[in-house]
Amino acid sequence: MKNFTLRKYIEDKKAIMLSIHLPKTGGTTFGKILCDYYKDSFLYIYPCVGNNNLYRVGSTSDKMYQSKPHTIKEVFKVLEDKEIQCIHGHIDVVVSQEIIDWYKSHKKIIIPVTFIRDPIQRAISEIRHYKEHIKTDETDEEIMVLTSDGMTPYLSRELTGLVVCETENFKEDLKKLGFSWDGVSKNITKVTSDVFDVDLISRHNKKDVLLYQRLLDIKSRSFKNKISDMAVSIKNISKKFIIPHELVNTLRGTFVNLFKKKVFEEFYALEDLSFDVKKSEFFGIVGPNGSGKSTLLKILAGVYTTETGSVEINGLISPFLELGIGFNPELSGRDNIYLNSTVLGLSEKEIDKKFDQIVAFSELERFIDQKLKNYSSGMHVRLAFSVAIHANRDILLMDEVLAVGDSSFQKKCIREFHRYKKEGRTVILVSHDLSTIEQYCDRALYLQGGKVMALGNARAVVKKYRDQMAADSADSHKSTGVAIDEERSHRSKGRNIKAKVKEVIFEDPLLGKRHLFATGSDLLIRVAFEEFLDKSDDLNVGIAIFNDKNNYILGINTIIDDLSCEKARQNGFFEVIYKNIPLRTGTYYVTVGLFGASDRIIYDFVNQSSFFEVISSDQNHGLVEIDYEWRV
Amino acid sequence: MNKKHENYKELILRLAKTDFKLRYHGSALGYIWAILKPLLLFLVLNFVFSSVFNFKNIGIPYYTLELLTGLLLFNFFAEGTSSGIASLLAKSQLVTKIYIPRWTIVVSSTINALFVFGMNTIIMVGFFIYYGKYPSVESILMFCFFVLLLYFLIVSISMLLAPFFVRFRDIGMIWEVLISILMYASPIIYPITLLPVNLQKIALLNPLAFVIHFAKQGVVSNRFTDLGHILLMTISVALLFLLSVLIFNKSEKRVAEYI
């Protein structure tokens, strides 16, 4: 044990160590390591299950679990007897006023571990609490916050004056570990360069960040026989398909073709592709249809073999690409769980053990003995996902799984992905839902035409993809006069049409016809229409804007605004100018309606048939851009 | 590349069980059909050949038992191979969407036929008891050995043809015809002694005929062929099995692309 500065901190009684953790992030492990190391000067303290007034205490976790329940007074006696320097336990216990008072009177160090539901809010309030109660004279303003996950940014953003324990190359280290540095605020006032050399974890003389990496690794099963940090390592692979111009799968066809000139095309689904996915990484793959994403996943899963290059996979890969493989509609949910779990590599005993968990996670207790064919698609997905998650593979391959399922289930999935990550496992996700990739993935790969277009930080990759897509679609919509897409519109054909939308045109009032707009610019929509109404008939028009997730952004019409459309009827078109559109990056669909005196009399209704695109220059998130001003 | 799947045994059994469950799923009699189907066929054949052609009169006292034994073994072979050959295509999801060792898919399909055969032997035992025929222990052991041999033959053929069936669906048709030819080329409804001696030797080169004939002789008449023949047949089946494994390993690689 060299240079264990934590000890210095403790001996000098200079700082309060706060160790704040999300559930299952290694916080408990961290505490245990400290406690086990300092054996006699640390103490575990946990409330008894079912009785928060009694505690189990012990110098090691085993002793703690075996100890008899103590009242708080008995706990103090133990603390005094043993010159306890540090306490490790649930924050709810440690934070209790009595213990704080005891701490104050004895000037000792507390290492609490939280089990928190809303981690960030809770953590912040805990820190505030500590600052108020424990920031006594000897702490010297110095509070060290160690986090074992991406919480540093949140904490430092929220709390000024905190010293985040950093090392000189903290940024680089964070990056190397796949943590995102983006968004860490400038509020970190002081950089300390403490080196934690924790011999009992590894001999590496690494920095505190690496310490956490180790902590995470302890939990992952790959720690013991760790081969490499890479979960997946792919070098120069290509996948070629031969596309015959007619599919031959009869013998006769083959014979006949022997004498014919061969007509086929070679098609590279993947071309000279190389990339790595690190362990405990949440890796996204994006790209347009036909870019080779699914082929890539199939190669990873071992369904396809490659001609060239090497595919190295460390750890068991969850061998599924889509949910519900091996599911059979004629069997009950129960049978299907057994079937699918077996296919995913669980033994019968394991399934027996996990069965209740699987069912509970899927929330399908009531339907478990019903045949799968009677399940809704959402239920289907819940069951399949639940099985997949419980199959406990090191690497999870997911192809568009989040597209189905309601938002609460999606959140649940994402949570599970994070748990996977925390356990040192890897999630590889293919999705067209760019915001998910952007938000949750550490790194991403952008494929197009079987080649790597971008690889790296998920946000940057997604941005590049979006830019590319916008550029492409701007090319293909150069004419900008958007023809009405009959499929998307809900026009009823046989109706005696008295008025009809002919064309929807998007313009920038300054720059003319266009398809792509910047956030904050003006947008003019011109709708050309024809009408065969009597002069006495009323005509009203309306326009609605939707985003690509079908959220209704804004709907306006001349009935609400009480306007007459006389001029428009003479001109055969009407215009709307939206000023400083606050829309953020995305595709927006426009619905146009022509109505009579009320919006119940519909002459024509063209539903989301034309669209325009918006690009924002900044990196913010969300649906709309609101003027804001920081006061920080 | 790590393609480890730890529980081959459980995987195969689970797939086979599911197959079995699904096969008789939705029928009122359920699993009973597994027994009833060959039994009904047997009763028809038995009626035709015992009463109309009357083999009993030409010196085969236990024709019924011989027919039953032969028929069940043949049924085992026919079902095993046809479901084995079609297995990769029938479970294409397990091939294209996921990696599990493909041989497990083939084997699980043949296991299913083994299940059914196992159930059918119960009927066989019933008939043997009814006719008061109690085979010797040696002949029962020999019968079990023959069943094992036949099973390996089924697996070999399935492994050989399943990957090609994915590419050439004709194989399914050809195999159907072959099966019905084999039905008559093997001594099932007739005793092999009905053939001229030379033809008998040629017929017995067919492993199916060999197994059926000698299994029948063993349990019904307690007669055995010499060990040399059996050894030779065993070695041939073993070689075929090895060959099929080698070819399967090569041909399964691209199978996902052809389905």
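Me: Helices here are DSSP runs of H or I with at least four residues, and strands are E runs of at least two. On that basis, how many helices and strands does the secondary structure of chain A come to?

Reply: Happy to start there, bearing in mind that this is a predicted model. Chain A comes to 19 helices and 24 strands. Chain B has 11 helices and zero strands, and its pattern along the sequence reads α-α-α-α-α-α-α-α-α-α-α.

Me: What share of each chain counts as buried?

Reply: In chain A, buried residues make up 36% of the 632 residues. In chain B, 39% of the 259 residues count as buried.

Me: Why is Leu11(B) called buried?

Reply: The cut-off is 20 or more other C-beta atoms within 10 Å. Leu11(B) has 25 C-beta neighbours inside 10 Å, so it counts as buried. This residue lies in helix α1 (residues 8-23) of chain B. Leu11(B) is also 8.3 Å from Ser108(B), C-alpha to C-alpha, although the two are 97 residues apart in sequence.

Me: Which residues bring α13(A) and α1(B) together?

Reply: On the chain A side they are Tyr338(A), Leu339(A), Thr342(A) and Val343(A), and in α1(B) they meet Glu10(B), Leu11(B), Arg14(B) and Thr18(B). By class, this contact has four nonpolar, two polar and two charged residues. The axes of α13(A) (residues 333-343) and α1(B) come within 9 Å and cross at roughly 145°, and the crossing is left-handed.

Me: How do you know that α9(B) is largely enclosed by the rest of the structure?

Reply: Count its residues against the burial cut-off: 14 of the 15 residues of α9(B) are buried, so the helix is largely enclosed by the rest of the structure.

Me: And how far does α9(B) reach, set against the span expected at 1.5 Å a residue?

Reply: This helix, residues 207-221, reaches 20 Å from its first C-alpha to its last, which is close to the expected 21 Å. Just after α9(B) comes Asn222(B), with a positive phi near 55°.

Me: Turning to chain A, what makes β10(A) an enclosed strand?

Reply: Five of the five residues in β10(A) (residues 282-286) are buried, so the strand is largely enclosed by the rest of the structure. In a regular strand, side chains alternate between the two faces of the sheet. Here both faces are covered: Phe282(A), Gly284(A) and Val286(A) are buried on one side, and Phe283(A) and Ile285(A) on the other.

Me: How do you know that β10(A) pairs with β13(A) and β14(A)?

Reply: A pair needs at least two bridges. Four bridges join β10(A) to β13(A) (residues 426-430), and four join β10(A) to β14(A) (residues 443-448), so both pairs meet that cut-off. The sense is parallel with β13(A) and parallel with β14(A). Phe283(A) stands opposite Ile428(A) in β13(A), while Val286(A) stands opposite Tyr446(A) in β14(A).

Me: Which strand does β13(A) join through five bridges?

Reply: That is β12(A), running parallel to β13(A), with Asp399(A) having Val430(A) as its bridge partner. Strand β12(A), residues 395-399, is mostly covered, with five of its five residues buried. Its two faces hold Ile395(A), Leu397(A) and Asp399(A) on one side and Leu396(A) and Met398(A) on the other.

Me: What do β14(A) and β15(A) form, and with how many residues between them?

Reply: They form a hairpin with two residues between them, and Gly449(A) in the turn has a positive phi of about 55°. Six bridges join β14(A) to β15(A) (residues 451-457), in the antiparallel sense. Tyr446(A) stands opposite Ala454(A) in β15(A).

Me: Finally, why are β18 and β21 of chain A called edge strands?

Reply: Five strands form an open sheet in the order β18-β24-β23-β20-β21, with mixed pairing. Strands β18 (516-518) and β21 (552-557) each pair on one side only, and that makes them the edges. The twist averages 25° from one strand to the next. At the β21(A) end, β20(A) (residues 540-547) pairs with β21(A) in the antiparallel sense over five bridges, and Gly542(A) stands opposite Asn557(A).

Note on methods: Residues numbered from 1 in each chain as written. Chains lettered and ligands numbered in written order. Predicted model: local features only at pLDDT ≥ 70, side-chain atom pairs only at ≥ 80, totals over all residues. Buried ≥ 20, exposed ≤ 12 C-beta atoms within 10 Å, placed from the backbone. Expected span 1.5 Å × (residues − 1). Axes fitted to C-alpha atoms, helices over the stretch in contact; angles between N-to-C directions. Left-handed = near helix turned anticlockwise from the far one by under 90°. Contact = placed C-beta atoms within 7 Å. Nonpolar A, V, L, I, M, F, W, Y, C, P; charged D, E, K, R; others polar.
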